[in-house]
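Here is a friendly tour of some backbone and burial features. Keep the viewer open as you read.

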Amino acid sequence: MKRMQHLRSLQLAAILIWVGLPTTHLWGQQADSKDVPNRYWPADVAFDPAVPTPSEVLGFEIGQRHLNHSQLVQYLQELADHSDRVTIEQYARTHGQRPLLLLTITSARNRQRLEEIRQQHRQLAQPAKAGQVDTSDLPAVINMGYGVHGDEPSATNCAPLVAHYLAAAQGEEIEKILDDCVILLDPSLNPDGFNRFANWTNAYRGRVPNPDAQHAEHNQNWPPGRVNYYWFDLNRDWLPAEHPESRGRLRNYHKWKPNVVLDFHEMGTNSTYFFQPGIPERTNPLTPLKNVELTNRFGAYHAKALDQRGSLYYTQERFDDFYMGKGSTYPDLHGAVGILFEQASSRGHVQRNDNGLLRFHETIANQFATSLSSLRATTDLREELHSFKRDFYNESMKRARSSKVKTFIFSSPGNRTRLENFADVLLRHDIKCYWPEQQFAVGKRSFDPRWTLLVPAIQPEYRFIKSLLMRRKSFKENVFYDVSSWTLPLAYDLEQTGSPETIDVSEMRPAKILERMDFTFTPDPAAGFYLVDWRDDDAVWLLNQLLKKGVNVKVAKQEFSVDGSPSTRTYPAGTLLIPLGIQPDKRELIQEVLARGAQRGTVITSASSGLTPSGIDFGSSQFVSLPKPKIAMPVAGGVSPYGAGEIWHLLDTRIGIPLAMLKQNRFKTADLSSYTTLLFPNGRYQDISSERWQSIRDWVGRGGTVVAVGGSAPMVADAVQGNWATDLEPDSEPELNSSGEPQLPFDSKAKTRALQLISGAIFKTRVDLTHPLMFGNTRNSMPVFRNHTTFLDPSENPYCNPMIYDEENPHLAGYCSDENVAKMKNSAAAVVYPIGKGRVVVIADNPNFRAFWHGTSRVFLNAIYFGHLMNP
């Protein structure tokens, strides 16, 4: 037995040496190695030999190679099998079908009452019940999240070390931590990106690691491991919750309502180590001062731990707490303390930086140090954290009761699907909302229950509701690490009304996630035609299903009416027409597909005659048949993975249409003749030759459609069409001296530049509802999201400017300098440039930003399906 324990000590010593931890507690002296960072393992720690170490399961030490996700899962499952402190659950699967795991770690005493502890934490967030909770013996809940960016590997590679320490360590300190805390450890927040990066860097690791920054190991392929399966930044998805990783995470968050959330990252190789607090002036105005105080007190623990290691670090620079959709900021508006950690990245196994050699195991050791310091702080501040949570929600309810608006009303006429998706987001944030069962009025306005959603202001998550609705345009600090506005109703292009009265919702139906209204479709034996309401977002899915099955579908270019019961109904341009008489063999097939569309929320009606009471008749040339799109998009090279991923995700997951993604080296010579549409995400396309651009122009002239979006769209259109934009380079450098002063402070240059950027704000456009690009929209204005300063001149052809920035005051929310607002007025948000039988559709902004700009994503889809209608 002693021999086996000695062998276990040798194995553990190897782990500690590799990750830079002292071995004093094993052999009584520090291991003599120049590669061992100055790091101190708690002096009184012993380990349970029955709990396996990572090397015993994996065959190599943590930090020796980059773990892949399957190895991580293998070890953690083995750990849970051998420690009664640990349970493991799969809470979701990624798009790539990798499991997302959560370890719950605590003492045996807490395990006996775990459900009671969870319920008490939920009660602390409910002011009506919070006073009944005795917090004197209530463990704190700490959520430890590792590696939301897959190419920041020290985070997830640290997770099994933390898990092993919590599962196997012995001694007074660990027993206190386990008694005073329930630890929710999420070892890999982005398994798909993590695995992509591990495969890359391991493939280029030799027996002798190479620190050369130009070595392939340190320069990953496109798309980078930072992003998830569809190339999204999951750390920005806490708010929109578009991906299974985020949705699962939010379920766990609100299941427990933790006190503390840790968010482990990496940054540039020449940095050191950052932990919050961030820049004080950039704290979200809704964040309580107590949160800031507690964050600072946690910081003292981190500083002590890193000082003991001799590691360099900094705080209150670069990073901020403004955008509330990140892992470290989301908790701040939910009665918790969120903490961001950023470790300089070796981006491989060793890389030379400004401070010498940065080794992978050293980066892991720093993350381990702050993991333990966070546990110590949570233990010591446990009762204060409980009091903060209780006070936070009590104060939120007080604010709600004193608010001028007592009920928020959201409507989207004809578009139930969009309202339901909006409700899903609110529900994932634990915000209650309700569907009215009958028509009602507020003041002089009447609301149709089919297209209306109610959100009471007086509920515990009021403060987060205010964050989602915020339209702030002035700020204490005008420089932002991320976007400066994220107003959810504007992103969904919903009508918002505030009622000063509390509307009784007791007789209304509470909304439920993924619950959908079924607009029942009953086949009409007398029908000669079916009509599809294009206003609903899922009408695009339905159209795609019909075209896939070879159904002849037409779209109305003008308004018309149809006799019906009880009265004549008017149908706008954009309505889909499915004539049955010319395709009688498809009648049953058509009705099957339409029934599925109705179940998803699309309104479908029938007509028996092609003669209409007013407007165009069904045989008119103003009903145009729609071709089945075949779409290609250049990727890799200088293309933004975010922009490309947003397009891929939209077409693949929502519409169900295949997308040919052509790597730029392939795109330069690819045969385009089989495609109807070319999509250009934001990116750099300078490597495409003038001859290739000419061949694209020829392809457009034969009837093809180019759709270019974002800051590079004018450059793309210029390459195909000619010089017509005011700015040909994406994200051009702003003027650094608009003041005209001969001398400015040297250290103000970066801030001066940042103040002239548009880093993420929302603007108002006026739209032409008769233009095919705008079919399905019901209002003559539309909010758009912008994050660049490339402005687009309107076309000289006035019929080709379907979206123009408002001439009075286009600025709706977020930061934008007065100079940029002036440039924006009457500039174009979308322009169509006809070339022969084809066209180039330019959308100046990103219509698919982070997958939650549902309003403008419909404009993008119209460009794909109705492009051939846009030549005036």
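The notes below cover a helix, a strand pair and some backbone angles.

## About the model

This is a predicted model, in which local features need pLDDT of at least 70 and side-chain atom pairs count only at pLDDT 80 or more, while totals for chains, interfaces and linings use all residues. Residues are numbered from 1 along each chain as its sequence is written, and side-chain values use heavy atoms, with hydrogens and water left out.

Helices (H or I, at least four residues) and strands (E, at least two) are DSSP runs, numbered from the N terminus.

## Helix H15

Let's begin with H15, which covers residues 416-428. The expected span of a helix is 1.5 Å times one less than its number of residues. For the 13 residues of H15 that gives 18 Å, and the end C-alpha atoms are 18 Å apart, which agrees.

Burial comes next: buried means under 20% relative accessible area, exposed over 50%, and partly exposed in between (1.4 Å probe, protein chains only). Twelve of the 13 residues of H15 are buried, so the helix is largely enclosed by the rest of the structure. Among them are the charged-name entries you may want to select, Arg416, Arg418, Glu420, Asp424 and Arg428, along with Phe422, Val425 and Leu426.

## Strands E12 and E17

Strand E12 (residues 407-411) and E17 run antiparallel and are joined by five bridges; two strands pair if DSSP finds at least two bridges between them. One pairing to look up is threonine 407, whose bridge partner in E17 is serine 499.

Side chains alternate along E17 (residues 495-499). Glu495, Thr497 and Ser499 point to one face and are buried, whereas Gln496 and Gly498 point to the other and are not.

## Positive phi values

Aspartate 430 is not a glycine, yet its phi is positive, at about 65°. This residue comes just after H15, in the loop that leads to strand E13 (434-435). Aspartate 430 is partly exposed, with a relative accessible area of 24%.

Arginine 850 also has a positive phi, near 50°. Its place is the loop between strand E37 (838-843) and helix H26 (854-865). At 16% relative accessibility, arginine 850 counts as buried.

## Cis peptide bonds

Tryptophan 222 and proline 223 are joined by a cis peptide bond with omega about -5°. Proline 223 sits in the loop between helix H10 (191-203) and helix H11 (244-256).

Another cis peptide bond links glutamine 276 to proline 277, with omega about 25°. Proline 277 belongs to the loop between strand E8 (273-275) and helix H12 (289-309).
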